[in-house]
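Please look at the structure below with a question in mind: what entitles us to each word that we use for it?

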Amino acid sequence: MKFLQISPFKQLLSHSRFLLTLRSEQGKYHSLILFRLSAAAALDASDRAANRQIYVMESTCPHLGADMSHADIEEYEDTTVAVCPWHRYDFDLRTGKSETGLRACTYSVEVKTDPEDDTEKVYIETPSGGNNWRLVELRPVSEEFADPPPAPSQIPVAMNNSEATEPLIPTTDPPKTLMQWAVLILNTANPTLKVMRTRHAVQLFRTGNLDSIGHKSTSAPRPPDVPPREESFLKNTVNPGKVKGRKSLAVMLHALANVEQWAIDLAWDIMARFGPSHPDLPPAFFSDFTKMALDESKHFSLLTSRLSATSPSTPYGTMPVHAALWESASITAHSLRARLAIIHLVHEARGLDVNPGTIARFRRAGDAESVAAMEVIHADEVTHVTAGHRWFTWLCAHDGGLDPVATFRDEVRRGWRGNVKGPFNIGDRELAGLTPEFYEHLTGEMGEEEMDQKRSAVPDLKGLSLSDPVEPQVSVRYEDKI
Ligand code: FES
């Protein structure tokens, strides 16, 4: 049995649940959930894994694939079980056995003192069927998202003097499936309501309070070609070129928040647009992209709140913004493979390259809170590129064993224009699965005319008046260095 070191024990004291992503040398992924059941008071005892009560199992339920990160933990006779939130099957945390006859895949855990630094380290058994497993993600299941969802009442909105008038949950025909929530959120023009609905829908999904994902249904709703934007957030009353001094940080925060608002939509769009055309996508795909939608919502909230704190006179919606990300979304609306390649492995990977520069800029300006926010965002975005790589390689295998590197390069040649620009953040790209052979010396061959044609096939994009009447002096895109 082989073991992999995952963390110093002490780092697991911050939360009681962690999501782990492992990747083998062959590019195979496993998502695991770690439960630490020991109470903080018992942690000084000298016992190891058993008394530390650390258990690790696959994060997807063996019944129909629910995400087990929000499973209830219950004592049952002389065992402790994780109870799946979808259909309440329970699985012994040690053996994975369930009374239903199903068995969850569990992994042995060891806690050993490292003689080098005399600290306790936690090791887990590696999955079978691959070698050189490495840990590419270890993140707490945030306690915050385990809170009850917001009450289904009117949402007060303070940004940009706008008031949302729609309720959190529509009173007529409320969504019952994940696909219905995805389309509702895509059609939600108010950004605060979009964030609140995202949080609510993901909570319902994770806790088993939706009828189904709904992507196999023939009546799954269609996503909009372009998500609407509320008029009051497109006023462009401030010319960013005239914003000087410390307030120029506000220009960056505003531009970054705009990118995050599109990113929320992109996470829902990939599920709503491609779920129904790919009924064999497993629930883990939806777990990954709902997590992404939630992260992007968190990023939008973090950035808009930093914006309000830094520059109360220029709240979100007062400066011009762009829709560059949605142009790429529309160009890749025909193919899940193209969408994963261009949005998640070109645009989002570019974010990994430029974020350290953005963080340094906030640091130089003495804005420690924005540095902290950007560091959270950057860490999350590594995991988003990981998800892009995971599902791109899954799709390549599913489509007849295509080579992921060659297929990615073909998709970029077809769906991108110009060089895939560096300098590259090789370390974080590699952590996310993107080794240099994916992206080095790669040039998109899409012509301008072809690009325009594909853009104009999306009727409303050109009409989305995002940049008038004041031309932005600073435009933060994933492909721009700032
Ligand atoms: S019991 Fe877990 S998906 Fe049904």
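Q: How do you know that E3 and strand E4 (residues 54–58) pair, and in which sense do the two run?
A: Five bridges join E3 to E4, and the two strands run antiparallel; strands pair if DSSP finds at least two bridges between them, so five bridges satisfy that definition. One bridge partner pair is Arg 36 and, in E4, Ile 54. The names themselves follow DSSP runs, numbered from the N terminus, with helices (H or I) of at least four residues and strands (E) of at least two.

Q: What kind of model is this, and how are its residues numbered?
A: It is a predicted model, in which local features need pLDDT of at least 70 and side-chain atom pairs count only at pLDDT 80 or more, while totals for chains, interfaces and linings use all residues. Residues are numbered from 1 along each chain as its sequence is written.

Q: What joins strand E2 (residues 17–23) to E3?
A: Seven bridges join E2 to E3, and these strands run antiparallel; Leu 20 has Leu 32 of E3 as its bridge partner. In the hairpin of E2 and E3, with five residues between the strands, Gly 27 takes a positive phi near 85 degrees.

Q: Why is strand E3 (residues 29–36) called mostly covered?
A: Seven of the eight residues of E3 are buried, where buried stands for 20 or more other C-beta atoms within 10 Å of a residue's own, exposed for 12 or fewer, and partly exposed for what lies in between, with C-beta atoms placed from the backbone. Of the 482 residues of the protein, 45% count as buried.

Q: What makes Asn 132 exposed, and where is its place?
A: Asn 132 has 11 C-beta neighbours inside 10 Å and therefore counts as exposed. Its place is in the loop between E10 and strand E11 (134–140), and Asn 132 has a positive phi of about 50 degrees although it is not a glycine.

Q: Why does His 441 count as exposed?
A: His 441 counts as exposed because it has 9 C-beta neighbours inside 10 Å. This residue lies in the loop between helix H11 (436–439) and strand E13 (443–445), and its phi, near 50 degrees, is a positive value in a residue other than glycine.

Q: Why is helix H2 (residues 178–186) called oblique to helix H4 (residues 248–274)?
A: The two helices pack at an angle of about 140 degrees, with their axes 9 Å apart; axes are lines fitted to C-alpha atoms, for helices over the stretch in contact, and angles run from 0 to 180 degrees between N-to-C directions. Angles under 35 degrees count as roughly parallel, over 145 as roughly antiparallel, 65 to 115 as roughly perpendicular and the rest as oblique, so H2 is oblique to H4.

Q: What makes H4 roughly parallel to helix H6 (residues 324–331), and which residues make the contact?
A: H4 and H6 pack at an angle of about 20 degrees, with their axes 9 Å apart, and that angle makes H4 roughly parallel to H6. Val 259, Trp 262, Ala 263, Leu 266 and Asp 269 of H4 make the contact with Leu 325, Trp 326 and Ala 329 of H6, contact being given by C-beta atoms, placed from the backbone, that lie within 7 Å.

How values were computed. Contact = placed C-beta atoms within 7 Å.
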